[in-house]
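Please load the model into your viewer and keep a selection prompt ready. The tour below moves from one pair of side chains outward to the strands and the surface.

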Amino acid sequence: SGPEQIWEFVPWTEVLIPLQGPTGGRFVFVRGAPAWEEEHGVELLFRDERLIRLDRASGAFLSNCFWTWE
């Protein structure tokens, strides 16, 4: 009945919390498998507890140097 209920359909499958960044930034990567996008999934990137990127799961967050997001 509301947009916030969409998250009920996303089982979260992976969480990665790397070491703190060189400038003190704290990063968290979260990957999920939403019911409507089984092939690709979804990735979220948080920096210092703020969502800074939401995208289709491609592994790009993990393959690129995440320090560039600082």
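Select Asp55 and Arg53 to begin, whose side chains meet in a salt bridge with 2.7 Å from N to O. Both residues keep some of their surface in this predicted model: Asp55 is partly exposed at a relative accessible area of 33%, and Arg53 is likewise partly exposed, at 31%.

Now zoom out and colour by secondary structure. The protein chain comes to one helix and four strands, which follow one another from the N terminus as β-β-β-β-α. Display the strands alone, and an open antiparallel sheet appears in the order β1-β2-β3-β4. Its edge strands are β1, residues 12–16, and β4, residues 50–56, each of which pairs on one side only. Neighbouring strands of this sheet are turned against each other by 15° on average, with direction ignored.

Next, select β1 together with strand β2, which spans residues 27–32; the two pair in the antiparallel sense over four bridges. To find your bearings within this pair, label Trp12, which stands opposite Gly32 in β2.

Move on to strand β3, residues 42–47, which six bridges join to β4 in an antiparallel arrangement. Here Arg47 has Arg50 in β4 as its bridge partner. These two strands form a hairpin with two residues between them, and Asp48 in the turn has a positive phi of about 50°.

Stay on Asp48 and add Arg26 to the selection, since the next stop is a contact between their side chains: they meet in a salt bridge of 3.8 Å, N to O. This pair links distant parts of the chain, with Asp48 in the loop between β3 and β4 and Arg26 in the loop between β1 and β2, 22 residues apart. Asp48 counts as partly exposed at 30% relative accessibility, and Arg26 also counts as partly exposed, at 42%.

From the loops, go back to the strands and select Arg31 and Glu43. Their side chains meet in a salt bridge of 2.6 Å, N to O, and the pair again links distant parts of the chain, Arg31 being in strand β2 and Glu43 in strand β3, 12 residues apart. Is Glu43 buried or exposed? Glu43 is buried, because its relative accessible area is 3% and the cut-off for buried is under 20%. Arg31, by contrast, counts as partly exposed at 22% relative accessibility. Add Glu14 to this selection, and you have a network of salt bridges that links Glu14, Arg31 and Glu43. Over the whole model, the count comes to five salt bridges.

For the next stop, switch to a surface representation and select Ile6, Trp7, Phe9, Trp12, Trp36, Leu51 and Leu54, which form a nonpolar patch on the surface with about 750 Å² of accessible area together. Leu51 is found in strand β4 and is partly exposed, with a relative accessible area of 45%.

Finally, clear the selection and consider the chain as a whole. The protein chain exposes about 5,000 Å², of which carbon and sulfur atoms supply 55%, and buried residues make up 26% of its 70 residues. Among contacts with a separation of 6 or more, residues 24 or more positions apart account for 29%.

Conventions
Residues are numbered from 1 along each chain as its sequence is written. This is a predicted model: local features need pLDDT of at least 70, side-chain atom pairs count only at pLDDT 80 or more; totals for chains, interfaces and linings use all residues. Side-chain values use heavy atoms; hydrogens and water are left out. Buried means under 20% relative accessible area, exposed over 50%, partly exposed in between (1.4 Å probe, protein chains only). Contact means heavy atoms within 4.5 Å. Accessible areas come from the Shrake-Rupley method with a 1.4 Å probe; for residues, only the protein chains shown count as cover. Two strands pair if DSSP finds at least two bridges between them. Axes are lines fitted to C-alpha atoms, for helices over the stretch in contact, and angles run from 0 to 180 degrees between N-to-C directions. Patches are made of residues with over 30% relative accessible area and no salt bridge: like charges are joined within 9 Å, nonpolar side chains (Val, Leu, Ile, Met, Phe, Trp, Tyr) within 5 Å. A salt bridge is a side-chain nitrogen of Lys or Arg within 4 Å of a carboxyl oxygen of Asp or Glu.
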